[in-house]
Amino acid sequence: QVQLVESGGGLVQPGGSLRLSCAASGSIVSISTMGWYRQAPGKQRELVPTISTGSDANYKDSVKDRFTISRDNAKNTVSLQMNSLKPEDTAVYYCNAEIRTFYRVGYWPYWGQGTQVIVSS
């Protein structure tokens, strides 16, 4: 089995910063793209940034220049540094990874349990 465990969410004032982390563990052969999604109440889940194994990153326009995604391939971790947070960033943030395991051919998407981020004064 594979687990993605997130940490780092919480309550922060507008303009503040948070750092989210996600660690993948289990029967992992290799990990391809990793990323973060978020879902606000009453809205669909949306992609925030993704990052390739070579650390090429793609960001949602509304978070460019504020959020930075990074990964450690040796530790199977991905992080999201969020600066200049706005109330509209409030959502549950989910870690996602395309993972190849020992017991299934190909890369399949796995999700973390989600971590709440609230930006409010």
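The following exercises, each with a worked solution, concern the predicted model shown above.

Residues are numbered from 1 along each chain as its sequence is written. In this predicted model, local features need pLDDT of at least 70 and side-chain atom pairs count only at pLDDT 80 or more, while totals for chains, interfaces and linings use all residues; side-chain values use heavy atoms, with hydrogens and water left out.

**Exercise 1. The overall fold**

Determine how many helices and strands the protein has, and whether its radius of gyration agrees with that of a compact globule.

*Solution.*
Step 1. Helices (H or I, at least four residues) and strands (E, at least two) are DSSP runs, numbered from the N terminus. The count gives zero helices and 11 strands.
Step 2. The radius of gyration is taken over C-alpha atoms, and the globule rule is 2.2 Å times the number of residues to the power 0.38. For 121 residues the rule gives a value near 14 Å, and the protein has 14 Å, so the two agree.
Step 3. The C-alpha trace spans about 45 × 25 × 25 Å along its principal axes.
Step 4. Buried means under 20% relative accessible area, exposed over 50%, and partly exposed in between (1.4 Å probe, protein chains only). Of the 121 residues, 36% count as buried.

**Exercise 2. The open sheet**

State the order of the strands in the open sheet of four strands, and explain why β1 and β7 each have one side without a neighbour in the sheet.

*Solution.*
Step 1. Two strands pair if DSSP finds at least two bridges between them. Strands of a sheet pair through backbone hydrogen bonds, either parallel or antiparallel.
Step 2. The order in this sheet is β1-β3-β8-β7, with antiparallel pairing.
Step 3. Strands β1 (2–7) and β7 (67–72) stand at the edges with a single partner strand each, so one side of each has no neighbour in the sheet.
Step 4. On average, neighbouring strands of the sheet are turned by 15 degrees against each other, direction ignored. Here the axes are lines fitted to C-alpha atoms, for helices over the stretch in contact, and angles run from 0 to 180 degrees between N-to-C directions.
Step 5. Six bridges join β1 to β3, and Gln-3 has Ser-25 in β3 as its bridge partner. Strand β3 (residues 18–26) is also paired over six bridges with β8 (residues 77–82), where Gln-81 is the bridge partner of Arg-19.
Step 6. The side chains along β1 alternate: Val-2, Leu-4 and Glu-6 point to one face and are buried, whereas Gln-3, Val-5 and Ser-7 point to the other and are not.

**Exercise 3. Strand β9 and Asn-96**

Identify the strands that are joined to β9, and describe the surroundings of Asn-96.

*Solution.*
Step 1. Five bridges join β9 to the antiparallel strand β10 (residues 104–111). These two strands form a hairpin with two residues between them, and Ala-97 stands opposite Tyr-110.
Step 2. Strand β9 is also joined to β11 by three bridges, in the antiparallel sense, with Val-92 opposite Gln-116.
Step 3. Strand β11 (residues 115–119) in turn pairs with β2 (residues 10–12) in the parallel sense over three bridges. Val-12 stands opposite Val-119 there.
Step 4. Asn-96 lies in β9 (residues 91–101). Its relative accessibility is 5%, so Asn-96 counts as buried.
Step 5. Contact means heavy atoms within 4.5 Å. Leaving aside neighbours within four places in sequence, the contacts of Asn-96 include Leu-4, Tyr-37 and Trp-111.
Step 6. A polar atom of the Asn-96 side chain lies 3.4 Å from the backbone oxygen of Tyr-110.

**Exercise 4. Positive phi values**

Locate Asp-65 and Ser-84, and decide whether each is buried, partly exposed or exposed.

*Solution.*
Step 1. Most residues other than glycine have a negative phi.
Step 2. Asp-65 has a positive phi of about 75 degrees although it is not a glycine. Asp-65 is placed in the loop between β6 (57–59) and β7. With a relative accessible area of 82%, Asp-65 is exposed.
Step 3. Ser-84 likewise has a positive phi, near 50 degrees. Ser-84 is found in the loop between β8 and β9. Its relative accessible area is 40%, so Ser-84 is partly exposed.

Key: A polar contact is a pair of N or O atoms within 3.5 Å; within protein, one must be able to donate a hydrogen and the other to accept it, and residues adjacent in sequence count only if both atoms are side-chain atoms.
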